[in-house]
Amino acid sequence: MKGKKTRNENEKKKKQTNKHKQIFLRMGQTCSNEEDKENSRISRSLIKDQTSSVQKLILLGAGCAGKSTIFKQVNILYSNGFDEKHRTNYKPAIFGNVVEGMKTLIVEAQKRDKQFGEEGLENAAAVMKLKFDDVLTPEIGSSISQLWTKEEAIKAAYADRSNFFLGDGVSYMLDNVQRICDPEYVPNEEDIVRVRVRTSAIVEMTFKISHVEFLIVDVGGQRGERR
């Protein structure tokens, strides 16, 4: 009877713990010891209130692990999504991803002594003059599209992308570059999910699934990015 009573008490404690449990998502396995300590500190600060019925999901991990992508997907699926004004605010980041991605491919092609055609040389020179915060025009879109779709040097560099860093969303952005460079362009939800934006602060959002309230927290991937 004593053993049965102990088991019942343990099961009761387990249920109480599960009721107020925290769900932690650790993405990537490349965090340094200092980043782990910082993540632990943030985690402890978020679990002080164990009596809350809100389930907390904390996205932790190294930069580029996909935390912000999940955060945006949850916003689209379970929260308010992105209205037109909010979507428009993503345009500079999307333009920057396009420019950064193509510049990276041009540089890597040159490092590998890949030969550009005459048109490709002109377009590559035009792209290399761009700043990351420049507004992209249809003319620039045509230049980038030519490099991406017709220039063998760029195709060769992209095929070798495992040997240098290239964001996961770059190919998507370049596939859609002419739409992105349209003067009337407004990002859609897929564009927003694909764009890489460095998280520079701890961002929170609440949402409900089947009457259960959740709090999801996106933590900047690099320690220096957190404010």
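The legends below describe close-up views of a predicted model of one protein chain.

**Figure 1. Overview of the protein chain.**
The protein chain contains 11 helices and 4 strands. It has 227 residues, of which 41% count as buried. Among contacts in the protein chain with a separation of 6 or more, 71% are between residues 24 or more positions apart. The salt bridges come to a count of 6; some of them appear in the views that follow.

**Figure 2. Packing of helix α6 against helix α7.**
Two packed helices are described by the angle between their axes and the distance between the axes. Helix α6 spans residues 118-128 and helix α7 spans residues 138-150; their axes are 9 Å apart, at an angle of about 125°. This angle makes α6 oblique to α7, since it falls outside the ranges counted as roughly parallel, roughly perpendicular or roughly antiparallel. The crossing of α6 past α7 is left-handed. On the α6 side, the contact is made by E119, G120, N123, A124 and V127. On the α7 side, S143, I144, Q146 and L147 meet them. By class, the residues of this contact are 4 nonpolar, 4 polar and 1 charged. The charged residue is E119, because Glu is placed in the charged class.

**Figure 3. Packing of helix α5 against helix α8.**
Helix α8 covers residues 152-159, and its axis comes within 8 Å of the axis of α5, the two crossing at roughly 95°. That angle makes α5 roughly perpendicular to α8, because angles of 65 to 115 degrees are assigned to that class. From α5, the residues in the contact are M102, L105, I106, E108 and A109. From α8, they are A153, I154, A157 and Y158. The contact of α5 with α8 holds 8 nonpolar residues, no polar residues and 1 charged residue. The charged one is E108, because Glu belongs to the charged class. E108 also takes part in the salt bridges of the next view.

**Figure 4. Salt-bridge network around E108.**
Side chains of opposite charge can pair when their charged atoms come close. In this view, salt bridges link E108, K111, R112 and D160 into a network. E108 pairs with K111, where the closest N and O atoms are 3.5 Å apart. These two residues both belong to helix α5 (residues 91-111) and are 3 residues apart, about one turn of the helix. E108 also pairs with R112, with 2.6 Å between the closest N and O atoms. Burial varies across these three residues: E108 counts as buried at 10% relative accessibility, R112 counts as partly exposed at 24%, and K111 is exposed with a relative accessible area of 59%.

**Figure 5. Salt bridge between R179 and D191.**
The closest N and O atoms of R179 and D191 are 2.9 Å apart, and the two residues form a salt bridge. R179 belongs to helix α10 (residues 177-180) and D191 to helix α11 (residues 189-194), so the pair ties together parts that are 12 residues apart in sequence. D191 is buried, its relative accessible area being 0%. R179 counts as partly exposed, at 31% relative accessibility.

**Figure 6. Surroundings of F71 in helix α3.**
F71 sits in helix α3, which runs over residues 67-78. Its relative accessibility is 11%, so F71 counts as buried. Leaving aside residues up to four places away in sequence, F71 touches L59, V203, E204, M205, I216 and D218. One of these partners, E204, is 133 residues from F71 in sequence. The C-alpha atoms of F71 and E204 are nevertheless 9.1 Å apart in space.

**Figure 7. D175 and W148.**
D175 is part of helix α9 (residues 170-175). D175 is exposed, with 55% relative accessible area. In sequence, D175 and W148 are separated by 27 residues. In space, the C-alpha to C-alpha distance between D175 and W148 is 7.9 Å.

Notes: Residues are numbered from 1 along each chain as its sequence is written. This is a predicted model: local features need pLDDT of at least 70, side-chain atom pairs count only at pLDDT 80 or more; totals for chains, interfaces and linings use all residues. Side-chain values use heavy atoms; hydrogens and water are left out. Axes are lines fitted to C-alpha atoms, for helices over the stretch in contact, and angles run from 0 to 180 degrees between N-to-C directions. Angles under 35 degrees count as roughly parallel, over 145 as roughly antiparallel, 65 to 115 as roughly perpendicular and the rest as oblique. A crossing is left-handed if the near helix is turned anticlockwise from the far one by less than a right angle, and right-handed if clockwise. Contact means heavy atoms within 4.5 Å. A salt bridge is a side-chain nitrogen of Lys or Arg within 4 Å of a carboxyl oxygen of Asp or Glu. Buried means under 20% relative accessible area, exposed over 50%, partly exposed in between (1.4 Å probe, protein chains only).
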